[in-house]
Amino acid sequence: MATIVPNANTETAPLLHDYEDRKMGELEAFMAVTKGFIGAAILAMPYAVRNSGILGMLFAVVMVALTINCTLKYLVQIKRKLTQVRIENGGTTDLSYPELAFEVWGHWSRGVVVGALVMAQLGCCCAYHIFISRSVEGIIHEVTSYKGHATYWITVLILFPIFLAFCLSAQHRMRNLVPLAALGNLVQILMLVLIVCYSYYIKCQTGDNCGRMELLELETVPMTLGIAAFAMEGIFPVLPLEHAMAEPAKFGRVLDFAVAIAAALCLSFGMAANYIFGPDTKAVITLNIGGPAGHAAKVGIGLALLVSYPLQMYPIIQWLDNLIREHQDESPYLLWMQRGCVVVLCLFSMVIALVFPHFGNILSLVGCIGFCLGGIVMPPLLFFRTFKDGLNTRDKVMVPLLVLFGSFILVAGTWSNIHAVMSGRAST
């Protein structure tokens, strides 16, 4: 449930003010970075194991984790060099990702980064809408005799005004939602533990054939790479968090531990849940568990995602708000234009949830395009542009390899998802 702040210098970016007012120690920074890496994609990890097998999942998560760890350290190095130049010129020391991209390579790179950020955050909102709607649909199907698909469509439509009202009411009070989002993360982890423990007791201890896991499915590994890229969604808050540390030199160690914990959580939950459910594993994992425990898991995770929905929408609203103020700051319709942006974004989320109700595939697509562009492809390119005259041998090898790996995920992962949808094998 990571949150990006494209311009952390302004008063319209309250989510990072707590970090800016006081410097963080290592432990606090570790908690903040780890929180950014624990998001919605972990819910699709069992489905990823079902699709690509044990080895495919291991390869995807480990490779993406190592890659992200390297590219984020590249971003931090670029930021430190540019910050040093700013200090010498009497400028500010904090630098957002889009600003960094602009200073290194001009308007086009900033456009790519902003586009990646917008797609990533809006993709999170669409994924939340789908997951909550599917979970509510599952509860209705369990407690009533109706089993039709209209339940899902009605749920999506009903959730739209709820999401809209929540975003509008929280638009200028985002800081109040941060503690709730942290609590939501804790609830989500507890619900995942509940799903694994309860399902293991019910299925594996009562004679069901657990442990039916595939070893490797090469065809769907690119799709799993996209889900793994989405899982490393703590990419975009890294620069503000590094800036907020009391000892920024120790941020590399903090990042190492945070990425390792995130990868371990993704692997452990994905393997454990797929061990229990096997080929019946669903993309919306809460649909695999019924009864009171299943209802609790659906409601608990649904509420956790609901609280985080405005936080995911906020960076896009802030960016659009800044654009509006640049051109229409004196307009008497400024407030209505701001609210109109919120309505359009929530409406977009609803439309995507209606026409593309495939939770696993939308996570993978957003990971392949948004998170891959912003977190894997662009950082090494910007790093090369910044340090091209002083690259050591290791970086001369790593930069093209990282760009090639990111490009592979972007192209192969996108095609894999499109092919799955067109051939009727989309996630359910």
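Buried here means under 20% relative accessible area. All the close-ups below come from a predicted model.

**Close-up 1. Cys346, a buried cysteine in the predicted model.** Cys346 has a relative accessibility of 0%, so with the cut-off at 20% it counts as buried. For Cys368 the value is also 0%, which puts this residue in the buried class too. Cys368 is in no disulfide, and the nearest cysteine sulfur, 6.8 Å away, belongs to Cys372.

**Close-up 2. The disulfide between Cys204 and Cys210.** How many disulfides does a search of the whole structure find? Just one turns up, and its partners are Cys204 and Cys210, with sulfur atoms 2.0 Å apart. The S-S torsion comes out at about -100°, so this disulfide is left-handed. Are the two cysteines buried or exposed? Cys204 is buried at 17% relative accessibility, and Cys210 is buried as well, at 15%. Cys346, for its part, is in no disulfide: the nearest cysteine sulfur is that of Cys167, 3.9 Å away. A disulfide needs sulfur atoms within 2.5 Å, so that 3.9 Å gap doesn't qualify.

**Close-up 3. Val193 in helix α6.** Helix α6 covers residues 174-203, and Val193 has its place there. With 44% relative accessibility, Val193 counts as partly exposed. Look across to Ala273 as well: this residue is 80 residues from Val193 along the chain, and the two C-alpha atoms are separated by 9.9 Å.

**Close-up 4. Helix α7, largely enclosed by the rest of the structure.** Helix α7 takes in residues 221-231, and 11 of the 11 are buried, so the rest of the structure largely encloses this helix. Among the buried residues are Val221, Pro222, Met223, Leu225, Ile227 and Phe230. Thr224 and Gly226 are buried too, and so are Ala228, Ala229 and Ala231. What covers the buried residues of α7? The cover includes α2 (26-37), α3 (45-88) and α4 (97-143), along with α9 (251-277), α12 (359-387) and α13 (393-422).

**Close-up 5. Helices α3 and α12 packed together.** Two packed helices are described by the angle between their axes and how far apart the axes are. For α3 and α12, the angle is about 35° and the axes are 9 Å apart. Their crossing is left-handed. On the α3 side, the residues that meet α12 include Tyr47, Thr67, Ile68, Thr71, Tyr74, Leu75 and Lys81. Among their opposite numbers in α12 are Gly360, Asn361, Ile376, Pro379, Pro380, Phe383 and Phe387. Sorted by class, the contact of α3 with α12 has 11 nonpolar, seven polar and one charged residues. Keep an eye on the rings here: Tyr74, Phe383 and Phe387 form one aromatic cluster.

**Close-up 6. Trp105 and Trp108, an aromatic pair.** A search of the whole structure finds six aromatic pairs. One of them is formed by Trp105 and Trp108, and it is edge-to-face, at 5.3 Å centre to centre with 70° between the planes. Planes over 60 degrees apart count as edge-to-face, so the 70° places this pair in that class. Both residues lie in helix α4, three residues apart, or about one turn of the helix. Trp105 is partly exposed at 26% relative accessible area, and Trp108 is partly exposed at 44%.

Note on methods
Residues numbered from 1 in each chain as written. Predicted model: local features only at pLDDT ≥ 70, side-chain atom pairs only at ≥ 80, totals over all residues. Heavy atoms only, no water. Buried < 20%, exposed > 50% of the residue type's maximum accessible area, 1.4 Å probe, protein only. Helix = DSSP H or I, 4+ residues; strand = E, 2+ residues; numbered from the N terminus. Contact = heavy atoms within 4.5 Å. Axes fitted to C-alpha atoms, helices over the stretch in contact; angles between N-to-C directions. Left-handed = near helix turned anticlockwise from the far one by under 90°. Nonpolar A, V, L, I, M, F, W, Y, C, P; charged D, E, K, R; others polar. Phe/Tyr/Trp six-rings, centres within 6.5 Å; stacked < 30°, edge-to-face > 60°.
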